[in-house]
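Colleague: Hi! Could you pull up the model so we can go through it together?
Modeller: Sure, here you go.

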Amino acid sequence: MKGQTLKGFLFISPWLIGFALLVAVPFVASIYLSFTHYDIISSPTWVGTANYKRLFTEDPLFWKSLIVTLKYALIAVPLSIVTGVGLALLLNLEIRGIRYYRTAFYLPAIVPMVATCAVFSWILNPQIGLMNNLLRIVGVEGPAWLSSEPWALYSLVIMSLWSIGGSMVIYLAGLKDIPLSLYEAAVVDGAGPWQRTLHITLPMLTPVIFFNLIMGIINAFQYFAQAYIMTQGGPESSTTFYALYLFQRSWRYLDMGYASAMAWILFVLIMLVTGLLFKTHRKWVHYGR
């Protein structure tokens with residue numbers, strides 16, 4: 001038995017080494033660095049809680065980036081859940097060619113992010129973009145989506161729906177897991193399609209919705225690449241997300257200690273929100289028991 005255990009550890013040793021060097025050690029080191037001034041070039045200098053004090057009392061961009069991130073999460077996550085569930089319900093219908101429709105809606109989720117950003121840079125272009133050209137057909141002059149402060153954040157929210165196919169597939173799998181006997185019993189009792197959806201489909205789908213809600217919030221708090229590629233945080237810092245500002249502090253200004261403190265605040269915030277959702281999920285998530 002000991003020999004088999006040793007062989008098992010040997011097989012997973014590449015992963016263990018990689019986890020230790022690339023995850024565990026930096027994770028622990030960042031705790032220490034958050035209490036130091038560290039610019040990569042010179043050795044870390046202990047400053048105690050000065051980084052945290054600066055963040056909460058002397059850095060208005062910290063608060064703005066946090067508000068931008070929270071605003072994005074409050075809009076994009078519920079919107080993605082509603083859209084994903086709606087698409088999954090439609091694609092769960094047994095109609096001719098449904099497999100092709102499912103493939104078509106899922107494909108955008110596997111398109112590389114840089115390619116997606118390039119496409120949306122054209123779609124949202126105020127002069128030659130597809131979005132404003134469609135609006136002009138109905139007599140509406142569209143805004144400068146990515147370069148206008150009121151619209152830049154909403155443009156990224158719209159863009160987030162492009163990759164909704166990933167969560168849609170998970171919802172679709174959840175729908176396939178609902179026992180048909182429940183629908184048959186409901187039909188016998190005289191329940192219509194709307195009643196079956198409201199009282200059977202959605203309650204039985206709540207575990208999947210809860211999973212996507214947690215993952216969506218975590219991803220929203222770490223939202224970075226699209227804003228970095230599309231807007232660089234502008235205009236007027238209206239798309240400076242928390243993770244983007246953290247990146248700027250660490251690699252543009254080489255203020256690694258300050259960035260480490262930001263990272264730990266983000267970690268605690270995500271844990272608090274996730275813990276709150278787990279506290280309340282028993283009231284609305286049904287596990288079929």
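Colleague: Let's start with isoleucine 40. Is isoleucine 40 buried or exposed?
Modeller: In between, as it happens. This is a predicted model, and in it isoleucine 40 has a relative accessibility of 35%, so it counts as partly exposed.

Colleague: And where is isoleucine 40 found?
Modeller: Isoleucine 40 sits in the loop that links strand E1 (36-37) to strand E2 (45-46). Its phi is positive, about 75 degrees, although the residue is not a glycine.

Colleague: Which other residue that is not a glycine has a positive phi?
Modeller: Serine 237 is one, with a phi of about 60 degrees. You'll find serine 237 in the loop between H11 and H12. Its relative accessible area is 25%, so serine 237 is partly exposed.

Colleague: While we're in that loop, which peptide bond is cis?
Modeller: The bond from glycine 234 to proline 235, where omega is near -10 degrees. Proline 235 belongs to the loop between helix H11 (225-230) and helix H12 (242-252).

Colleague: Let me zoom out for a second. How many helices and strands does the protein chain have?
Modeller: There are 13 helices and two strands in the protein chain. Along the principal axes, the C-alpha atoms fill a box of roughly 75 × 75 × 35 Å.

Colleague: What share of the residues is buried?
Modeller: Buried residues account for 36% of the 289 in the protein chain. As for contacts between residues at least 6 apart in sequence, 64% of them join residues at least 24 apart.

Colleague: Can you show me a buried one? Where does methionine 168 lie?
Modeller: Methionine 168 is in helix H8. Its relative accessibility is 1%, and a residue is called buried under 20%, so methionine 168 counts as buried.

Colleague: What does methionine 168 touch?
Modeller: Leaving out residues up to four places away in sequence, methionine 168 touches Gly84, Leu87, Ala88, Leu91, Arg102, Phe105 and Tyr106. Isoleucine 123 is 45 residues from methionine 168 along the chain, and their C-alpha atoms are separated by 23 Å.

Colleague: Staying with H8, how do H8 and H10 cross?
Modeller: The axes of helix H8 (residues 165-176) and helix H10 (residues 193-221) come within 9 Å, and the crossing angle is roughly 145 degrees. The crossing is right-handed.

Colleague: Which residues meet there?
Modeller: From H8 you have Ser167, Ile170, Tyr171, Gly174 and Leu175, and they meet Thr201, Leu205, Val208, Ile209, Phe211 and Asn212 in H10. That contact divides into seven nonpolar and four polar residues, with no charged ones.

Colleague: Switching to rings now. How many aromatic pairs does the search find?
Modeller: Over the whole structure, 22 aromatic pairs turn up. Take phenylalanine 56 and tryptophan 63: their ring centres are 5.8 Å apart and their planes are at 55 degrees, so that pair is tilted.

Colleague: Are phenylalanine 56 and tryptophan 63 buried or exposed?
Modeller: They fall in between. Phenylalanine 56 is partly exposed at 42% relative accessibility, and tryptophan 63 is partly exposed with a relative accessible area of 37%.

Colleague: And which pair is stacked?
Modeller: Phenylalanine 224 with tyrosine 228 is stacked. The ring centres of phenylalanine 224 and tyrosine 228 are 5.4 Å apart. Planes under 30 degrees apart count as stacked, and the planes here are at 20 degrees, so the pair qualifies. Phenylalanine 224 counts as partly exposed at 24%, and tyrosine 228 as partly exposed at 32%.

Colleague: Which residues form an aromatic cluster?
Modeller: Tyr32, Phe35, Trp46 and Tyr52 form one.

Colleague: What about a charge over a ring? Which ring does arginine 249 sit over?
Modeller: The charged end of arginine 249 sits over the ring of tyrosine 258, at 4.5 Å from the ring centre.

Colleague: Last one from me. Where is asparagine 125 found?
Modeller: Asparagine 125 is in the loop between helix H5 (113-123) and helix H6 (130-137). With 23% relative accessibility, asparagine 125 counts as partly exposed. Glycine 142 is 17 residues from asparagine 125 along the chain, and their C-alpha atoms are 9.8 Å apart.

Colleague: Great, thanks for the tour!

Conventions:
Residues numbered from 1 in each chain as written. Predicted model: local features only at pLDDT ≥ 70, side-chain atom pairs only at ≥ 80, totals over all residues. Heavy atoms only, no water. Phe/Tyr/Trp six-rings, centres within 6.5 Å; stacked < 30°, edge-to-face > 60°. Buried < 20%, exposed > 50% of the residue type's maximum accessible area, 1.4 Å probe, protein only. Lys NZ or Arg CZ within 6 Å of the ring centre and 35° of its normal. Axes fitted to C-alpha atoms, helices over the stretch in contact; angles between N-to-C directions. Helix = DSSP H or I, 4+ residues; strand = E, 2+ residues; numbered from the N terminus. Left-handed = near helix turned anticlockwise from the far one by under 90°. Contact = heavy atoms within 4.5 Å. Nonpolar A, V, L, I, M, F, W, Y, C, P; charged D, E, K, R; others polar.
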